[in-house]
Amino acid sequence: MNQKNSLGLNSCFLDLNDPIQLFKTWMDEAKKTELNDPNAFSLSTADKNGTPSVRIVLLKDFSKDGFTFYTNLDSPKSLDIENNPKASMCFHWKSLQRQVRIFGSVNKVSDEVANKYFSSRDYESKIGAWASEQSKVLKNRIDLFERIDGFKRIYPKTGNVPRPENWSGWILEPTMIEFWLEGLNRIHERLIFNKESNNWIKKLLNP
């Protein structure tokens, strides 16, 4: 029989009042069991007209302040955020039969934070950030590789590659975090944290 916490949930939910701590525990476990990219999540945004869009993005950092990812600032996701700074994230770890949904407002990270992360990327990824006009129509793949070669000549491997002005990070500051565990006969276990006056309030949800 599975051990239960004080709320009657599986013990994997722990007995924490801070969802960031619980997220860290679940992420650490996912890193051990997911074959590829345990930090991958679905990012849902909507444009100024309310038209939704979703794509897979990689989480690069998280803390009590929020969840951070990086991208081209001219990309559709960034343009959506500029016009409608609300977004949702969804992590699904099939190996653990767990899911985490996060909702909140999105803001750009500081230049200092973006520069620090960009400097940690490998050389080819830095060049790719310069060469790719993300999501714009590409007439021929050869054109892309020519741009890559061109930026390699501008920024040789022996030199420093600066961060492009149109490449940075976004941080989602959560107001809702929901943890989900698959259950038999679809009797799933769900725990939601809502932020109220800077305090996290947790509640059980029906499956």
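**Helix 3 and its surroundings**

The buried residues of helix 3 are covered by elements including strand 4 (66-72), helix 4 (123-131) and strand 7 (167-181). The model discussed here is predicted.

Colleague: Why are certain residues of helix 3 called buried?

Modeller: A residue is called buried when its relative accessible area is under 20%. In helix 3, which comprises residues 111-120, Ala114, Tyr117 and Phe118 are buried.

Colleague: What makes the buried residues of helix 3 line one face?

Modeller: Viewed down the helix axis, the buried residues fall within an arc of 100°, so they line one face of helix 3.

Colleague: Which exposed residues does the face turned away from the buried side of helix 3 carry?

Modeller: That face carries Glu112, Lys116 and Ser120. The term exposed requires a relative accessible area over 50%, and these three residues are exposed.

Colleague: What makes strand 4 part of the cover of helix 3?

Modeller: Contact means heavy atoms within 4.5 Å. Strand 4 is included in what covers the buried residues of helix 3.

Colleague: How many of the residues in the whole protein are buried?

Modeller: Of the 207 residues, 40% are buried. The protein contains 5 helices and 9 strands, and its C-alpha trace spans about 60 × 40 × 30 Å along the principal axes.

Colleague: Which side chains are counted as positive and which as negative?

Modeller: Lys and Arg count as positive, Asp and Glu as negative. On that basis the protein has 30 positive and 26 negative side chains, and the centres of the two sets lie 2 Å apart.

Definitions and conventions
Residues are numbered from 1 along each chain as its sequence is written. This is a predicted model: local features need pLDDT of at least 70, side-chain atom pairs count only at pLDDT 80 or more; totals for chains, interfaces and linings use all residues. Side-chain values use heavy atoms; hydrogens and water are left out. Helices (H or I, at least four residues) and strands (E, at least two) are DSSP runs, numbered from the N terminus. Buried means under 20% relative accessible area, exposed over 50%, partly exposed in between (1.4 Å probe, protein chains only). The place of a charge is taken as NZ of Lys, CZ of Arg, CG of Asp or CD of Glu. The arc is that of the directions from the helix axis to the C-beta atoms.
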